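Reader: Please present the structure, and then explain on what grounds each contact in it receives its name.

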Amino acid sequence: MLLVVLAGCGSRDPGATAPEADAVEVPEPMEPTAEEPSETAAPAPVPLDPAPDPLQAEREALLAMDGSRSTSHGGPNDGSLEGAVALPLRGPGFRFNPRRSTDARFGTVEMVQALMAAAARVHEELPGGELTINDLGYASGGPIPHHGSHRAGRDVDTLFYLLGADGEPLPSVGAPLDPAGEGTDYRDLAVPADDVPLRIDLPRTWLFVQALIEQESASPVQRIFVVEHLRTMLLDHARQHGAPALVIERFADLTCQPSYPHDDHFHIRFFCSAEDIPDGCEDSAPIYPWRRADLREEGVRPVPHRPRPDRPMAPTTTDEEARAAAGELHPSVTAFLERREAWSDAPHPGRRWCR
Ligand SMILES: [Zn+2]
């Protein structure tokens, strides 16, 4: 259960959530403790040749696939998906979070390819970390529990790359990070002895978003929802390390903190591909001038999303339910949750593309 309480406590009434953002997201988080080897188990034999990875062929086929295979219909909050592809469970530099339902790993060809390619670039340039990918959507899109959007194959949640106290990469968990970029994997919320301190891995997390932004794609990134203080840290990191100015500017435009704080994961949304637009794909705001210019070159006009007020809703979790399900909390967890209130409200920084 664990982090459900943390997610729940930071969330707002789903009805009052900003229309573009998720309702109540429950970033499932805690990594199961690594299994201790049993005392009686024999040591595993070392193979002479590494076994071929059975997922390799699946990944290669996916990366070679034409984007025309999938079609995103409607908008992120009420759309659907045709010809979806499944994100492979593992690949170079990424894994689909084993704690999420494998039914929730479907998206457009372009989105799945973009995630795999960006994770592979981080893996190549800064080996040692691993991107953990949470929910994409269902094979046919549509309502999905705990999300207000994720319905048209163009939304995905990814956890941040994390470091442990020793500065080494840790498998990512959905732990909320404070304004210093630090958090705790509380594991058992009633027991302080098993707590694992962690902090954001800025170089890998930045390189991941840079890789996403730099990709030539028919369906570029439209939005990255993330808490304001991590946005600022990522921008500072990028400027200090000489990241390309255009990428920094683009990231600054794409990022927003909605009413759910997104201090434990990114929510990334992709634009309709030009070829999906005539088939009914709709982009919610904003459509930036650079995107309009790209589409003009393709001879396509974007179709602004028309919200459907009667859209069906999937079950979600209220703050009260999440708290009740979490059970006993030790005082340090309670103290963190109280501190978290300070950054849970959507800020209004007055940026052009962020309401
Ligand atoms: Zn999301």
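Author: A salt bridge is a side-chain nitrogen of Lys or Arg within 4 Å of a carboxyl oxygen of Asp or Glu. By that criterion the structure holds 17 salt bridges. This is a predicted model, in which local features need pLDDT of at least 70 and side-chain atom pairs count only at pLDDT 80 or more, while totals for chains, interfaces and linings use all residues. Residues are numbered from 1 along each chain as its sequence is written, and side-chain values use heavy atoms, with hydrogens and water left out.

Reader: Why is the contact of Asp-283 with Arg-154 called a salt bridge?

Author: The closest N and O atoms of Asp-283 and Arg-154 are 3.5 Å apart, and the limit is 4 Å, so the pair qualifies. Asp-283 lies in the loop between strand E15 (266-270) and helix H7 (289-298), and Arg-154 in the loop between strand E7 (131-133) and strand E8 (155-158), so the contact ties together parts that are 129 residues apart in sequence. Helices (H or I, at least four residues) and strands (E, at least two) are DSSP runs, numbered from the N terminus. Both Asp-283 and Arg-154 are buried.

Reader: What makes Glu-228 buried, and Asp-236 partly exposed?

Author: Buried means under 20% relative accessible area, exposed over 50%, and partly exposed in between (1.4 Å probe, protein chains only). Glu-228 has 18% relative accessibility and therefore counts as buried. Asp-236 has a relative accessible area of 35%, and is therefore partly exposed. Glu-228 forms a salt bridge with Arg-351, at 3.0 Å between the closest N and O atoms. Asp-236 meets Arg-239 in a salt bridge of 3.9 Å, N to O; both residues lie in helix H5, three residues apart, about one turn of the helix.

Reader: How do you know that Cys-256 and Cys-354 form a disulfide?

Author: A disulfide is a pair of cysteine sulfur atoms within 2.5 Å, and the sulfur atoms of Cys-256 and Cys-354 are 1.9 Å apart. Cys-256 lies in strand E14 (residues 255-256) and Cys-354 in the segment after helix H9 (331-340), so the bond ties together parts that are 98 residues apart in sequence. The count comes to two disulfides; the other joins Cys-272 to Cys-281, S to S 2.1 Å. With the bonded cysteines numbered in sequence order, the pairing is 1-4, 2-3.

Reader: Why is the pair of Tyr-288 and Trp-290 called stacked, and that of Tyr-186 and Phe-336 edge-to-face?

Author: Rings of Phe, Tyr and Trp (its six-membered ring) pair if their centres lie within 6.5 Å; planes under 30 degrees apart count as stacked, over 60 as edge-to-face and the rest as tilted. There are nine aromatic pairs. Tyr-186 and Phe-336 have centres 6.3 Å apart and planes at 70°, hence edge-to-face. For Tyr-288 and Trp-290 the values are 5.5 Å centre to centre and 10° between the planes, hence stacked. Together with Phe-271 and Trp-353, Tyr-288 and Trp-290 form one aromatic cluster.

Reader: What makes Arg-250 lie over the face of Trp-290?

Author: A charge sits over a ring if NZ of Lys or CZ of Arg is within 6 Å of the ring centre and within 35 degrees of the ring normal. Arg-250 lies over the face of Trp-290 at 3.5 Å from the ring centre, and the distance limit is 6 Å. Trp-290 itself is buried, with a relative accessible area of 19%.
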